[in-house]
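User: I would like to learn how to read strands and helices in a model. Can we take the strands before the helices?

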Amino acid sequence: MPPTERVVTRTCPLCEATCGLRITLRANGDATRAVKVAGDPGDVFSKGFICPKGAALGALHHDPDRLTRPRIREGDAWREVGWDEAFAYIDAKLRPILADGDRDALAAYAGNPNVHTLAGMIYGPALRRSLGTRNLYSASTVDQMPRHVASGWMYGDPDRIPVPDLDRTDLLYIFGANPAVSNGSLATAPDWPGRIRAIRERGGRVVVFDPRRTATAGLADAHHAIRPGTDAALMLSMARVLFEAGRVGLGRLADITKGVDAIRGVICGGPGDFAPERIGPVCGIAPDDIRRLALDLADAPRAAVYGRIGTQAARFGTLAAWTVDLLGLLTGHLDTPGGAMFPRALHERPVHGRGRGFRVGRRHGRVAGDPEVRGELPAVRLADEITTPGPGRIRALFVVAGNPVLSVPGGDRLDAALAQLELMVAVDPYLNATTRRAHVILPPPGPLHRPHYDLAFYTLSVRDVARFSPPALPWAGPSEAGILARLTLLVLGMGPKADPALVEQQIVGHLLGKAAADPASPAHGRDPRAMAAQLRGESGPERVLDALIRTGPRGEGFGADPDGWTLARLAAAPGGVDFGPLAPRLPASLATPDGLIDAFPDAIRGDLPRLRAWLADPPDGLLLIGRRHLRSNNSWLHNVPKLARGRDRFTLRIHPADAAARGVADGAAVRLSARSDAEAAVQATAQVTDEVMRGVVSLPHGWGHAVEGSGLSVASKVGGPNVNRVTQPVVDPLSGNAALNGVPVEVRPIG
Ligand code: SF4
């Protein structure tokens with residue numbers, strides 16, 4: 001039979017932009033391969049946009065290094081086994097640990113890809129809950145936890161995150177983000193470059209604040225080089241300008257906001273503190289520019305402030321996330337068209353206008369005493385919690401789609417700590433720097449084998465949209481949901497033969513039970529069992545998604561609204577459904593106990609003295625920041641040849657004056673070390689460029705794959721320095737997030 005071809009549409013699962021793809025599948029005998037991936041012009045959101053990562057989805061799916069069968073480590077060797085043997089092996093290793101009765105001996109680390117799969121979002125939390133441990137970790141604390149914490153304190157819900165209304169704004173301030181290459185984060189929008197150009201074409205302005213003249217800065221009207229770690233101070237200085245100029249106006253939010261007068265009292269109390277003359281020299285921006293930037297924000301009819309990883313994965317990450325929203329609030333742009341707005345996802349849970357509010361610190365880390373935040377402890381503490389003796393020491397670790405040896409500060413220490421575990425289970429398709437330490441690797445199916453719907457990113461989308469993609473290719477092995485369900489049952493002590501369907505029943509029962517009891521749900525008062533019987537879908541994740549959509553704000557409510565949405569109705573629209581631009585949502589979607597926006601939460605107020613102390617004696621010398629590349633996404637795409645190659649992928653960028661002062665030539669080998677620990681060092685190649693401001697060096701994260709025992713044939717040859725040997729376990733105390741940016745370092749030539 002000659003080969004046959006068919007085209008399927010599906011949403012790209014590789015980054016937060018959620019572009020629609022058209023994938024050409026060629027069947028040749030028993031094998032079907034994705035031979036072409038293009039942007040889908042019929043997609044309601046991306047309208048044909050695609051980036052090089054999306055175009056490589058087929059290569060990623062068919063990567064010959066991808067594991068397809070479980071494997072057990074025996075010494076330094078791996079043995080492929082069947083699924084039943086793998087789960088029986090885990091059960092046997094787990095039982096003595098469970099028998100000791102110390103649930104804190106169990107731990108889990110979830111990597112970033114979890115938020116890109118339905119199973120990771122639905123079954124991952126079930127596994128984590130079932131562990132019954134305080135030792136839960138994830139990539140969130142090396143990424144965006146400050147944003148959640150700021151939202152939690154201000155709006156009562158850590159997932160209530162305002163996004164810039166890119167398509168209607170006249171003025172966009174971007175702090176510490178490079179969406180022209182990252183394609184956006186915590187603000188889902190395909191084709192950020194096109195949307196930025198559109199702002200300028202309609203007469204608007206875009207201003208970038210970044211220590212580096214990024215690709216995004218190249219698209220903007222203005223770029224302000226800002227010293228790392230000073231974003232919160234700069235924005236507070238702008239807030240002070242607004243107060244002193246009498247330009248604070250909250251608009252319709254004035255009646256539902258508390259704390260504004262208290263902020264005025266704190267930041268306008270005297271001539272020092274956040275006055276532009278004082279803050280300007282620290283952050284590197286002229287005082288007159290600070291005043292003009294603040295007043296421009298107040299003058300603009302529609303303006304949005306957006307801040308991301310450069311500001312949040314930093315020492316004052318939560319303060320920075322708070323000040324981003326504060327500027328929008330004080331200038332009347334929060335929750336208004338063209339400002340920063342709150343999406344309304346198809347699967348969203350009912351909102352009530354008030355709630356129980358946000359809490360942290362219900363448990364604390366054993367070694368460093370950090371409070372839990374969203375149920376998690378800081379990822380930088382994982383190594384210490386494994387190696388420090390005593391009750392509660394981690395003995396068994398489940399790593400799901402994560403590579404913390406490369407992603408978390410102190411990667412070497414963590415690598416050594418993993419070797420002390422009695423059991424490490426990795427759910428991962430690759431043998432990489434982290435999973436090589438596992439006792440068992442359980443590979444999930446590839447991206448084209450899975451159903452897809454972006455539970456995380458439709459809550460962050462700059463338009464209210466939704467798309468569902470069924471699996472593009474069949475898969476005979478266990479699904480990702482099935483793997484996570486079986487692990488859940490093992491840690492509950494139910495053994496390797498327990499039926500994974502029990503986990504789906506538990507998830508569905510809980511979800512529908514809450515919906516039935518909630519007067520704000522369209523399914524209020526209905527029988528959960530009868531509702532469960534109506535769910536449709538080919539797999540557990542799909543049926544849970546059906547339940548979420550039916551009980552969501554536009555759902556059919558199991559008969560309550562015959563015109564409402566179900567998964568089947570969404571699936572019938574392969575290019576997706578556009579529900580339109582974002583609409584104002586406050587106060588209805590607040591979850592604070594008093595139903596008010598808290599403009600000046602106590603936790604924030606309590607952290608300001610730390611910022612003041614730092615401003616009084618800011619670090620001099622070189623500060624390290626990260627960097628993104630269009631063909632990279634953390635550590636997990638470096639085994640695809642066309643995404644891994646290219647010039648300058650992991651050079652250390654350094655300003656000419658800083659290079660000259662250290663005798664560093666362009667292209668020379670250099671040693672980059674932490675100033676607080678000279679042993680924490682890597683070798684890199686210098687790239688001398690005035691793209692970075694003076695006093696700043698930039699090295700991307702996610703590299704360092706050349707480790708013994710890696711099964712990544714492409715990435716391990718490419719290698720690269722693991723920047724997390726240099727970054728230190730310093731956290732933003734409000735969120736537990738690692739301070740990956742603004743790390744004091746030194747650079748010297750080698751040889
Ligand atoms: S921008 Fe993101 S979602 Fe869009 S094609 Fe690229 S990787 Fe995929």
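Analyst: Keep in mind that this is a predicted model. To read a strand pair, look for its direction and its bridges. Here strand S2 (residues 20-28) pairs with S3 in the antiparallel sense, over 8 bridges. As one position to find on screen, Thr24 stands opposite Lys36 in S3.

User: In what order do the strands form the sheet, and is the sheet open or closed?

Analyst: The sheet is open and has 3 strands, in the order S1-S2-S3, with antiparallel pairing. Strand S1 (4-11) and strand S3 (31-39) are at the edges; each has a single partner strand, so one side of each has no neighbour in the sheet. From one strand to the next, the twist averages 25°.

User: Now the helices. At what angle do the axes of H9 and H12 cross?

Analyst: For a helix pair, read the distance between the axes, then the angle. The axes of helix H9 (residues 231-244) and helix H12 (residues 287-299) cross at roughly 65° and come within 9 Å. Angles of 65 to 115 degrees count as roughly perpendicular, and H9 and H12 are therefore roughly perpendicular to each other. The crossing of H9 past H12 is right-handed.

User: Which residues of H9 and H12 make the contact?

Analyst: On H9 they are Leu234, Ser237, Met238, Val241 and Leu242. H12 contributes Ile290, Arg291, Leu293, Ala294, Leu295 and Ala298.

User: How many residues of each class does the contact of H9 with H12 have?

Analyst: The contact of H9 with H12 has 9 nonpolar residues, 1 polar and 1 charged.

Conventions:
Residues are numbered from 1 along each chain as its sequence is written. This is a predicted model: local features need pLDDT of at least 70, side-chain atom pairs count only at pLDDT 80 or more; totals for chains, interfaces and linings use all residues. Axes are lines fitted to C-alpha atoms, for helices over the stretch in contact, and angles run from 0 to 180 degrees between N-to-C directions. Helices (H or I, at least four residues) and strands (E, at least two) are DSSP runs, numbered from the N terminus. Angles under 35 degrees count as roughly parallel, over 145 as roughly antiparallel, 65 to 115 as roughly perpendicular and the rest as oblique. A crossing is left-handed if the near helix is turned anticlockwise from the far one by less than a right angle, and right-handed if clockwise. Two residues are in contact if their C-beta atoms, placed from the backbone, lie within 7 Å. Ala, Val, Leu, Ile, Met, Phe, Trp, Tyr, Cys and Pro count as nonpolar, Asp, Glu, Lys and Arg as charged, and the others, Gly among them, as polar. Two strands pair if DSSP finds at least two bridges between them.
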